[in-house]
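This report describes the internal and open spaces of one structure, together with the residues that line them.

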Amino acid sequence: MADRRVARTEAAVIGAFERLLDERGYARMTVQEILDAADVARATFYAHFQGKEGVMAAFVAGVIDHVAAPANAEPGHDFTGRDGAAAQVEHALRHVQEHGHAVRALLMGGCSSEFIGALREAAFGRIRKATRDDYAARFLTGALVETIVRWVETDFADEPRTLAASYAAQAAGVLETGGA
C-alpha cells in the first residue's frame with residue numbers, strides 16, 4: 001500500500017511540474033505552486049524531492065529509465081521484441097518528443113544547464129551499464145545529450161528512428177575502436 005502511495009505522490013508532483021512548465025516556465029515556477037497543483041503537503045514533497053531541481057531530475061530520469069527494458073506496446077509506439085541500443089535510444093527519443101513541450105521549456109527557459117546536467121546523469125547511468133569503459137560511456141552520453149539538445153532546438157525535425165540508428169552506428173564505432 002505504501003509503495004502505491006509513494007508512486008501516486010511522485011506522479012502527482014511530476015505531473016504538476018510538467019503542467020507548470022507550460023504555464024509558468026521553470027525559472028518562475030515555485031515549490032509552492034507545485035505543491036498546490038499536485039495537492040501535496042510540503043513535508044510530503046520534501047520527503048520525496050529536494051526542491052524543484054529534484055523534481056526536474058526525477059522527470060528526466062523517468063523518461064530515460066522508462067526505456068531501460070522496453071517490453072510492452074505503448075500508445076504511439078511498440079518496442080515489443082526490439083532490443084539493442086538503437087531500439088532503446090529510439091524509445092527514449094520518442095518519450096522526449098512526447099514530453100517535448102516540457103523539454104523545450106526546460107532547455108529554453110533559463111535552466112538549460114540544470115536540465116542538461118540531469119539528462120546527462122540519467123543517461124550516463126544507463127549507458128555506463130552497457131560499456132566497461134568509463135570514458136567511452138561519458139563520450140557516448142555527451143553525444144546523446146547533444147543529439148537531444150539539437151533535436152529539440154530544431155523542433156524535432158528528424159524522425160526518432162533515424163536519429164537512433166545514427167547514434168547506435170556511431171556508438172558501435174566508438175566501442176569497436178577500444179571504448180569497450
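In this predicted model, the largest pocket encloses about 390 Å³ of space. Its lining is made up of 20 residues, of which Gln 88, Val 89, Arg 126, Ile 127 and Ala 130 are the closest to the centre of the pocket. The elements that each give two or more residues to this lining are α5, α7, α8 (134–153) and α9 (160–179). By residue class, the lining of the largest pocket holds 16 nonpolar residues, two polar residues and two charged residues.

Turning to enclosed space, the count comes to one cavity of 30 Å³ or more, and the largest cavity has a volume of about 60 Å³. Two or more residues of its lining come from each of the elements α4 (51–66), α5 (85–98) and α7 (112–130), with α4 giving the most, namely four residues. The lining of the largest cavity consists of Phe 59, Val 60, Val 63, Ile 64, His 95, Val 96, His 99, Val 103, Phe 115, Leu 119 and Ile 148; these residues divide into nine nonpolar and two polar, with no charged residue among them.

The two linings are set out by residue class below.

| Lining | Nonpolar | Polar | Charged |
|---|---|---|---|
| Largest pocket | 16 residues | two residues | two residues |
| Largest cavity | nine residues | two residues | no residues |

Which elements give two or more residues to the lining of the largest pocket? They are α5, α7, α8 and α9, while for the largest cavity the corresponding elements are α4, α5 and α7.

Conventions: Residues numbered from 1 in each chain as written. Predicted model: local features only at pLDDT ≥ 70, side-chain atom pairs only at ≥ 80, totals over all residues. Heavy atoms only, no water. 1 Å grid on protein atoms, 1.4 Å probe; cavity = no way out; pocket = protein on both sides within 12 Å on 5 of 7 lines; lining within 4 Å. Points joined across faces, edges and corners; volume = space filled by probe spheres on them. Nonpolar A, V, L, I, M, F, W, Y, C, P; charged D, E, K, R; others polar.
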